[in-house]
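Please take a moment with the sequence and the structure below before reading on. The paragraphs that follow go from one strand to its partners and then to a patch on the surface.

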Amino acid sequence: MFNRELVENYLKIIKSNPEDYFEDYKIMQDRVNNSSAIYKNKPIPVTYQGMFFGRENIEEFKEISKTLMEITRKVTNEYLNNPEYRTHFKYSKKLEELILHDPGYDIPVPICRYDVFYNGIGDYKFCEFNTDGSSAMNEEMVLGSIMRESKAFKEFEREYEIKRFELFDSWVKKSIEIYRESKRANDKPNIAIVDFIDKGTTNEFIRFKEAYNEAGYNCEIVDPREIEYKNGKLMHREYRIDMVYRRAVTMDIMENIDEIEQFINAYMEDAFVMIGSFRSQIMHTKLIFKILRLEATQKILSDRENEFLKAHIPNTEEFITEEDFEKVLNDKDSYILKPYDGYASYKVYAGREYSKDEWEKVLKDLLGQNYIYQDYFDMEKVDFIEFEEDGSYSITPYASVIGMFIYKEEFQGLYTRIGNQALISGARRYYTAPNYVIQNKNK
C-alpha cells in the first residue's frame with residue numbers, strides 16, 4: 001500500500017477519541033447531504049477519510065499524463081492520415097466524418113480523465129480513458145473542502161502540509177487558450193456548456209458556468225436539442241454561441257443525432273468552436289486498449305512508449321469467437337467484459353461477480369455484440385474507516401480507481417472512488433475519497 005504510513009497516522013488520530021470524531025463525522029455527513037455533491041439525485045457517499053498522496057506520486061502522475069498525451073497525439077494523427085488504420089476502430093461512416101472534420105485547433109483531447117488502478121510508483125494498470133464528458137470535478141472539490149474542515153483533518157494538519165487540486169478556474173483558463181488557437185475565435189466568446197440535460201451532472205455544469213462568469217465570459221447551459229443554426233450562427237433562443245464546452249458524450253450524440261441536426265450542421269460548417277471535438281472519441285473507445293497493442297500502433301510509437309503500454313495496458317481482445325467464449329468462461333475470475341463504447345460502468349461485467357452458470361448465460365448474450373474482454377487487475381487495498389450509526393467503527397480495506405484529470409495535455413488533479421466489489425463505480429456500493437497531497441512539515 002503506497003500511502004500506508006499516512007493512513008496509519010490518520011487512523012491513529014481517530015482511534016484516540018472515536019466518540020468525539022464520530023460526532024464530528026455526523027456533522028460532516030450533514031454538510032455533505034446539504035451540498036451540491038449529488039449523483040443521480042442522491043448525496044455522494046463518503047467516509048471520514050480521504051486518499052493521501054506524496055509529492056513523488058504526483059510527479060509520477062504528471063509523467064504518466066505527459067506520456068499518454070504524446071501517445072494520444074500519435075494515434076490521432078495516424079487515424080486522420082491512414083484510412084486502413086481507421087478500420088480498427090469500427091466507427092460508423094457518420095462518426096468517422098465528424099472525427100475527420102478539423103475542429104480549428106491541434107489538441108486531440110483537450111480535457112480527459114484517464115482512470116488507473118494504482119499501487120504506487122511504477123505499479124499500475126489503466127482502467128479506462130474518459131474523454132468527452134469527463135466528470136466528477138464538482139464532487140472532488142466539494143467533498144474535499146468539507147472533509148478538510150473536519151476535526152480529524154485539522155489535527156492531521158498539525159503534522160502535515162496538505163494541498164488540494166483546483167479543477168474549475170484552471171479549465172476556464174485552458175479552454176479559452178485552446179479556443180484562441182482557432183482562426184474562428186473572437187476576443188470575448190459567448191460560451192455554452194452543452195449536454196443532454198437528462199444525462200448531465202447539472203450541479204457541476206452550474207459550477208463551471210459560475211467559473212466562466214467570474215472570468216468575465218457569458219455562459220449558458222444548453223441542451224443540443226434546443227439549439228438552432230440560423231444565419232450562419234449557432235443560437236440558443238437569442239443567445240449566440242461562439243464556443244462550446246462539450247459535455248455530451250459521443251455515444252449519446254450519435255444515438256440522438258437525428259434530433260440535433262442543426263447542431264451537427266453548424267459544427268461541420270465551422271459556425272462555432274467546440275472544445276472537445278469528436279476526435280476525442282479515438283481514445284475514448286474501449287477498443288483503444290486493444291488497438292494500442294497492435295503492430296500498426298507499435299510502429300508509430302517510440303520504444304519507450306511501447307514499453308510503457310506493454311507494462312500498463314491490460315491485455316484486451318474483442319469478444320467474438322467461440323474460442324474467446326471458452327477462454328473467458330473457463331477462467332471467469334480473470335476477466336472483465338466492457339462494451340466498445342459506454343460510460344459510468346454501464347453494461348460492464350466482471351466474471352468474479354457470477355457463478356459459472358450465470359457467467360455462461362451472460363457470455364452467450366454478449367458474444368459478438370461489440371464487447372471486449374480484458375484481464376482483471378487485482379490491486380492492493382487501502383484501509384478506510386467506516387462509522388456505523390451507533391458510533392462503532394471498523395477499518396476496512398478498499399480497492400480504488402484513480403482518475404487523472406488532464407487539461408490541455410497537462411496533469412491537473414485527481415478523482416478517486418473506492419469499493420469492495422469487483423467493479424468500483426456509481427452502479428455499485430462505493431465511496432468517493434477526496435484527494436490530498438501530503439508532505440511532512442519536518443521534511
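How many of the 15 residues of strand β19 (residues 393-407) are buried? In this predicted model, 11 of the 15 residues of β19 are buried, and the strand is therefore described as mostly covered, where buried stands for a relative accessible area under 20%.

The pairing of β19 can be followed partner by partner, beginning with strand β4 (residues 111-120), which runs antiparallel to β19 and is joined to it by six bridges. Within this pairing, Val116 has Ile402 of β19 as its bridge partner.

Strand β18 (residues 382-387) is likewise antiparallel to β19, and six bridges join these two strands, with Phe384 having Thr396 in β19 as its bridge partner. β18 and β19 form a hairpin in which five residues lie between the strands, and Gly391, in the turn, has a positive phi of about 95°.

Strand β20 (residues 410-419) pairs with β19 over nine bridges, again in the antiparallel sense, and Phe411 in β20 stands opposite Ile406. β19 and β20 also make a hairpin, with two residues between the strands, and here Lys408 takes a positive phi near 50°.

Turning to the surface, one finds a negative patch that is formed by Glu166, Asp169, Glu210 and Glu214. Of these residues, Glu166 is placed in the loop between β6 (160-163) and α8 (169-180), and Glu166 counts as partly exposed because its relative accessibility is 30%.

Technical notes
Residues are numbered from 1 along each chain as its sequence is written. This is a predicted model: local features need pLDDT of at least 70, side-chain atom pairs count only at pLDDT 80 or more; totals for chains, interfaces and linings use all residues. Side-chain values use heavy atoms; hydrogens and water are left out. Buried means under 20% relative accessible area, exposed over 50%, partly exposed in between (1.4 Å probe, protein chains only). Helices (H or I, at least four residues) and strands (E, at least two) are DSSP runs, numbered from the N terminus. Two strands pair if DSSP finds at least two bridges between them. Patches are made of residues with over 30% relative accessible area and no salt bridge: like charges are joined within 9 Å, nonpolar side chains (Val, Leu, Ile, Met, Phe, Trp, Tyr) within 5 Å. Accessible areas come from the Shrake-Rupley method with a 1.4 Å probe; for residues, only the protein chains shown count as cover. A salt bridge is a side-chain nitrogen of Lys or Arg within 4 Å of a carboxyl oxygen of Asp or Glu. Lys and Arg count as positive and Asp and Glu as negative; His and the chain ends are not counted. The place of a charge is taken as NZ of Lys, CZ of Arg, CG of Asp or CD of Glu.
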